Amino acid sequence: MSSYIHHEMLLFLQAVVTGAALLLCYDFLRAFRRVIPHDTFWVAAEDILFWLFCSIAVFSSVYRTNQGSLRFFLFLGIALGSLLCGLTISAFFVKMCTRILEIPAVLSKLLIKWLLFPVRRCKIFVYKCAKKERQANWVKQIKKAKKRI
């Protein structure tokens, strides 16, 4: 095999790996969205940033490896890598990332709940005091009304 064909095959394999890596990055973003639900605006903003990242990654990869000349087989390799990754490990990767990302989310919820416990207790205490005060004022008003009669 000539060195030129060998170089082209290596470029194709690098494109396949790049496509798989980009899909895994998007799968990580999907797992993040499962753990922390987003509004449509934020999902759109994340998608725009992701595609901006992808375009920069693909451009820099093509520029570094092939001196900036665009070849069809590079885009075919990126698509093939994404397809193979999507058919093989994508679902497993999303599940595992979701489980891993749920750990800090659950811990942070518990920590916030634990830290806000005194605030809730004070709020309940203030509510009970205010309720007693309102009841006491109501009783005083009834006694005044009875005295007038």
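This is a short dialogue on reading helix packing, a pocket and a cavity in a predicted model.

Reader: Let's start with helix 1 and helix 2. At what angle do they pack, and how far apart are their axes?

Author: Helix 1 covers residues 3–35 and helix 2 covers residues 40–66; they pack at about 165°, with the axes 11 Å apart. Angles over 145 degrees count as roughly antiparallel, so helix 1 is roughly antiparallel to helix 2.

Reader: And which hand does the crossing have, left or right?

Author: Helix 1 passes helix 2 in a right-handed crossing.

Reader: Which residues in helix 1 and helix 2 meet?

Author: From helix 1, the list includes His7, Leu11, Gln14, Thr18, Leu22 and Tyr26. Across from them in helix 2 you'll find, among others, Val43, Phe50, Cys54, Val58, Ser61 and Thr65. By class, the residues of this contact of helix 1 with helix 2 come out as 12 nonpolar, six polar and three charged.

Reader: OK, now helix 3. How do the axes of helix 1 and helix 3 cross?

Author: Those two axes come within 7 Å and cross at roughly 45°. Angles under 35 degrees count as roughly parallel and 65 to 115 as roughly perpendicular, so helix 1 ends up oblique to helix 3. The crossing of helix 1 and helix 3 is right-handed. On the helix 1 side, the contact includes Glu8, Leu11, Phe12, Ala15, Gly19 and Leu23; on the helix 3 side, Phe73, Leu74, Gly77, Ile78, Gly81 and Ser82 are among the partners.

Reader: What's the class split in the contact of helix 1 with helix 3?

Author: There are 13 nonpolar residues, five polar and one charged.

Reader: Let's move on to empty space. What volume does the largest pocket have, and which residues line it?

Author: A pocket is an open set of points, whereas a cavity is one the probe cannot get out of. Here the largest pocket has a volume of about 150 Å³. Its lining includes Gly19, Leu22, Leu23 and Tyr26, along with Phe50, Trp51, Cys54, Val58, Ile78 and Ser82.

Reader: Which helix gives the most to that lining?

Author: Helix 2 does, with five residues. Still, helix 1, helix 2 and helix 3 (72–88) each supply at least two. In class terms, the pocket lining has eight nonpolar residues, three polar ones and no charged ones.

Reader: How many cavities of 30 Å³ or more does a search of the whole structure find?

Author: One. The largest cavity has a volume of about 60 Å³. Residues lining this cavity include Leu11, Gln14, Ala15, Thr18, Val58, Ser61, Leu74 and Ile78.

Reader: What about the cavity lining by helix and by class?

Author: Helix 1, helix 2 and helix 3 each provide at least two of its residues. The cavity lining divides into six nonpolar, four polar and no charged residues. Try following Ile78 on the model: Ile78 lines the largest pocket, lines the largest cavity and takes part in the contact of helix 1 with helix 3.

Note on methods:
Residues are numbered from 1 along each chain as its sequence is written. This is a predicted model: local features need pLDDT of at least 70, side-chain atom pairs count only at pLDDT 80 or more; totals for chains, interfaces and linings use all residues. Side-chain values use heavy atoms; hydrogens and water are left out. Axes are lines fitted to C-alpha atoms, for helices over the stretch in contact, and angles run from 0 to 180 degrees between N-to-C directions. Helices (H or I, at least four residues) and strands (E, at least two) are DSSP runs, numbered from the N terminus. A crossing is left-handed if the near helix is turned anticlockwise from the far one by less than a right angle, and right-handed if clockwise. Contact means heavy atoms within 4.5 Å. Ala, Val, Leu, Ile, Met, Phe, Trp, Tyr, Cys and Pro count as nonpolar, Asp, Glu, Lys and Arg as charged, and the others, Gly among them, as polar. On a 1 Å grid over the protein atoms alone, a cavity is a set of points where a 1.4 Å probe fits but cannot get out, and a pocket is an open set with protein on both sides within 12 Å along at least five of seven lines; lining residues have an atom within 4 Å of a point. Grid points are joined across faces, edges and corners, and a volume is the space filled by probe spheres set on the points.
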